[in-house]
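Here are some friendly notes to read with the structure open beside you. Take the points one at a time and find each residue as you go.

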Amino acid sequence: MDSNKKYWKGLEELNNEPEFVEKNKHEFAEPIPIEDVLTGGGLEGKTPRRDFLKALGFGVGAVTLAACQKVPVHKSIPYLIKPEEVTPGVANYYVSTYDGHAILVKTREGRPIKIEGNPADLLSKGGLSAQAQASVLDLYDYNRFQNAMLDGGDSTWNNIDEFVKHELGAIKAGGKKIRLVSSTINSPSTLNVIADFIAAYPNTKHVTYDAISYTGIIQANQNSFGKAVVPHYHFEKADVIVSFGADFLGTWISPEEFMSQWVQNRNNKSLISKKMSRHIQFETGMSLTGSNADSRVLIKPSEEGPALINLYNEISGTTLPGSKPLGNTNADKAIKLVAAELKAAKGKALVVCGSNDVAKQVLVNAINAQLGSYGTTIDLDNNSNQYKGNDAEFVEFVAEMNRGEVDAVFFLNSNPVYEYHNGSAIADALKKVRLRVTFAGAKDETSEHCNVVAPGHYYLESWGDGNAIEGYYTVIQPAINPVYETRQAEESLMKWSDSTTKDYYTYVRNNWDKNLLAKGGLSGQKGWETLLQTGFVKAADKPAGSYAFSKDLNGVAQTILAQSSKLAASSDAVEVQLYQSVAMRDGKRANNPWLQELPDPVSKVTWDNFASMSPTDMKNKGYAQGDVITIEAKGSDGSSHTVTLPILTQPGQAQGTISIALGYGRSVAGPVGKGVGQNLYPFLKSDNGTFQNWTVAKITPTGDQIILAQTQTHHSIEGRNVIRETTFKDYVKDPSSNSGGTLKHKEYESLWDEYEHPQYNWVMAIDLNACTGCGACVVACSAENNIPVVGRDEVRRRREMHWIRIDRYYSFVDDGKSVTEEHEIEDLKDLDNVQVVYQPMLCQHCDHAPCETVCPVLATVHSSEGLNHMAYNRCVGTRYCANNCPYKVRRFNWFNYWNDSRFDNYLINEHTHLVLNPDVVTRFRGVMEKCSMCIQRIQAGKLKAKMEKRPVADGDIKTACQQTCPTNAIIFGNRNDKNSEVAKLLTSDRTYYVLEELNTQPGIGYQVKVRNNTAVETQA
């Protein structure tokens, strides 16, 4: 079916541009600088390492004392008194919570080194995001506040307590307002502490504000059903999913959970039963979710509201006032087809929208009510507590400060001077506030305007709990003693409100004993100990209520159309869509180098944000990729905001629009995050009582150019067949459709003897239908295997070091025929309307490995267990192996990344060396490295089985990439065990091997991508 599809990594490869051809003639863009090596140049950093460390303030003392207070771990002497729970060389795991998900914290000798998903987590089933994986690195950030501060100078906690209590007493007596501003808090214990604080100071109000607001959904549910909540969505129960700009696989509400749900109707198990959900995405820019959709329809932000109105009309059979076609032929046609599919899937359909506009969300509620989604794919009773922000309350808070009514403000996990669309107004208003307290762990834009800094613990140092979903309660426990002289924000509030409870641990424990343990059938000391082992309790679900939608939609439609006409760009302007990137999200973790160097799933750009523009617009305007443009838009206050950004040519971008990521442009952050990209929060619009992620702007070229640090086109596939996909219709007819046919698993003649694998044959299976391209595996691999960060300039030179990369391939059909058959929603030959496939690519551990035959010093050799090993001490850096690898998965250490101050890399500092995995050696200049299949985990698994006097069981050993994958797309195991999951997958009809015709005999098999272009009513 898809044999005539053309795949390409980027427009450079598609157009065969001369510069791209020249760069890809050779394995490496540049030769080794031999002269520099021989003369000593290049071996030293531009600044002495000690001076660099002094400038950034990195050291080892605090963390080693926190990890083990008996003997600092950097001393090469044995324990005098060994802590009972610590066995040198053996990891300890602690249950905890990150962003509402139950996790496991891996520690070695008392220091956290890795975050793992808790396999029992009811939300993500053990999967984690890239942000969660990278969070362990922030623990060792020496740019964190190391003690309390008062009026810009160091202070003690006693002085802080005395000052704050005196001020609060005076403010209480004076009758002025106290405001506690936070992002959403779903911790029952923290909310109780805040309630106690408000009781002590009745003039206090808790204002909840989220940088990325979901007030539109919350208020729409209040208007529609009388419940001001974010629903708990169930994508696993939907046969047809339609999304209007909601990036639910990337950043929307709870992407790790939604990925694990979404894949259940699309993975191998589902396909074997001839069942597959259908996913249609309406959107402006190419999102992670849109790139994974079966059908994708381009609409401008101004067309989103009218499109929802037309969809409601088609489903309900009514006509709302002002309804008319969009004038977008493809979208108008798609809406009719989609409406028919949704009606056919009534009771098993789900429509979601990423807009923060109340009117649009009310209309979405009406559509879902027509489809019978409430109580099936949407749960309003066991709702989500992940977002509770109220935009109107925050606007009123700013007005209160400006009127001089607020005398004290506390900021908890919020940075509105950066995140608010008018941050300067916040900064100015704070000058009128007497007491300004921040609990921030590190310097940020808001802390600069506070006279009291009461730094809170990092979550890995804290006690606490979470309640992300109603009825699901998780615990937070410390995995290390506080690294610096910090104190939990809750404990500070307790002290300032004269709490009689000893400390916050006791407060949490009492709350669980009285209120929460019983929800999971636990009680007493034994119940508490069980909780600290399992990590959560789950109460029985509330029964589904009855939700009838009866709101008059005429006024709603008129509001939507008025907003749409306001947004529609004039001929000399463009519509701007603002979104969260998968790596940076809202920008709070901008100082994390693992996230900065994680390639964006779609664009593959690192270390920057940019303006995505369609190829058609680029051509019409005479722009080239990297051209810098000035983008000017009016803010909600009428003032003009301007940024300059490079353009990225983005296939799949709607014409007449540009898309730009939020979360960049931090002005106050650590050395990694400060000044990276541009801040687009001022472009957010306040409209209809909520903050909108759209605006209209004028763009003008500056004449400058910026080379984006983009990884995708660092290698060429030379037109070879590395991606295989089919349609669901063809798969049902023939499960081996497009997996290789007669060539599959063909026995080729070889010059080499076959390897014997008498006991173990470690292999991997990767399901392209399950992989969303999120990149969590990339960060997990970096954390597990001590992979260095090289920075923007080195990425530009094609020197990124990731052992696993996620290749993104665009495709269209060469003859122009749509592969959607019954539903020809898109013309796939149009570069503005392409399809996408993601393919994780790592060392294939070939049985006939081309790298092994060319290494002159036997640095890369084959094992009896089917693995391709690297002996780093033998490697002399000829790089022949990389030249001879057809998969381009080997990485060369151009520098001593661990000891060179030129790199944007925390890991060069002794302090952050404490995050390194001691089971994996760090590599040095001139050495080649690549995926080892987490050999350290394999050895640990075999040793554990040996100690327990049993064979290694399937699932005992999981690689880092497999363990973190939210969709379970990666399966690792022993092929010799015929009952193992991986052995069964590799004999699946969908399995193929990349470049099998070269007879490298790779140890990684891929399952063919299946795209569901079949209407739901025709599925068996």
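A salt bridge here is a side-chain nitrogen of Lys or Arg within 4 Å of a carboxyl oxygen of Asp or Glu. Please also keep in mind that this is a predicted model.

1. Let's put that definition to work on Glu 405 and Arg 403. Their closest N and O atoms are 2.7 Å apart, and the two residues form a salt bridge. Glu 405 has a relative accessible area of 25%, so Glu 405 is partly exposed. Arg 403 is partly exposed too, with a value of 45%.

2. Now look around that pair. Which residues are linked with Arg 403 and Glu 405 in a network of salt bridges? The other members are Lys 177, Arg 179, Glu 396 and Glu 400. Across the structure there are 39 salt bridges.

3. Some salt bridges connect parts of the chain that are distant in sequence. Lys 165 and Asp 498 meet through their side chains, at 2.5 Å from N to O. Lys 165 sits in helix α7 (residues 157-174), while Asp 498 is in the loop between α19 (489-496) and α20 (504-516), 333 residues apart. Lys 165 is partly exposed, at 32% relative accessible area.

4. Here is another one to find: Lys 588 with Glu 419, a salt bridge whose closest N and O atoms are 2.9 Å apart. This pair also links distant parts of the chain, with Lys 588 in the loop between β21 (574-580) and α23 (593-596) and Glu 419 in helix α17 (residues 416-419), 169 residues apart. Is Glu 419 buried or exposed? At 2% relative accessibility Glu 419 counts as buried, whereas Lys 588, at 34%, counts as partly exposed.

5. Next, turn to the aromatic rings. The whole structure has 36 aromatic pairs. In one of them, Phe 225 and Phe 549, the ring centres are 6.2 Å apart and the planes stand at 70 degrees, so the pair is edge-to-face. Phe 225 belongs to helix α9 (residues 215-225) and Phe 549 to the loop between β20 (536-538) and α22 (554-567), so the pair ties together parts 324 residues apart in sequence. Phe 225 is buried, with a relative accessible area of 15%.

6. Compare that with Phe 410 and Phe 439. Their ring centres are 6.3 Å apart and their planes lie at 15 degrees, so this pair is stacked. Phe 410 is in strand β15 (residues 406-412) and Phe 439 in the loop between β16 (435-438) and β17 (452-453). Both count as buried: Phe 410 at 0% relative accessibility and Phe 439 at 5%. Ring pairs also join these two with Phe 197, Tyr 201 and Trp 496 in a cluster.

7. What about empty space? The structure holds 17 cavities of 30 Å³ or more, and the largest has about 600 Å³ of space. Its lining has 38 residues, and those nearest the centre are Thr 251, Leu 578, Tyr 579, Gln 580 and Asn 693. Strand β21 gives the most to this lining, with four residues. By type, the lining residues are 17 nonpolar, 18 polar and three charged.

8. Finally, try tracing helix α13 (residues 301-316). Its 16 residues reach 24 Å from first C-alpha to last, close to the expected 22 Å. Of those 16 residues, 14 are buried, leaving α13 mostly covered. Gly 317 follows α13, and its phi is positive, near 75 degrees.

How values were computed:
Residues numbered from 1 in each chain as written. Predicted model: local features only at pLDDT ≥ 70, side-chain atom pairs only at ≥ 80, totals over all residues. Heavy atoms only, no water. Helix = DSSP H or I, 4+ residues; strand = E, 2+ residues; numbered from the N terminus. Expected span 1.5 Å × (residues − 1). Buried < 20%, exposed > 50% of the residue type's maximum accessible area, 1.4 Å probe, protein only. 1 Å grid on protein atoms, 1.4 Å probe; cavity = no way out; pocket = protein on both sides within 12 Å on 5 of 7 lines; lining within 4 Å. Points joined across faces, edges and corners; volume = space filled by probe spheres on them. Nonpolar A, V, L, I, M, F, W, Y, C, P; charged D, E, K, R; others polar. Phe/Tyr/Trp six-rings, centres within 6.5 Å; stacked < 30°, edge-to-face > 60°.
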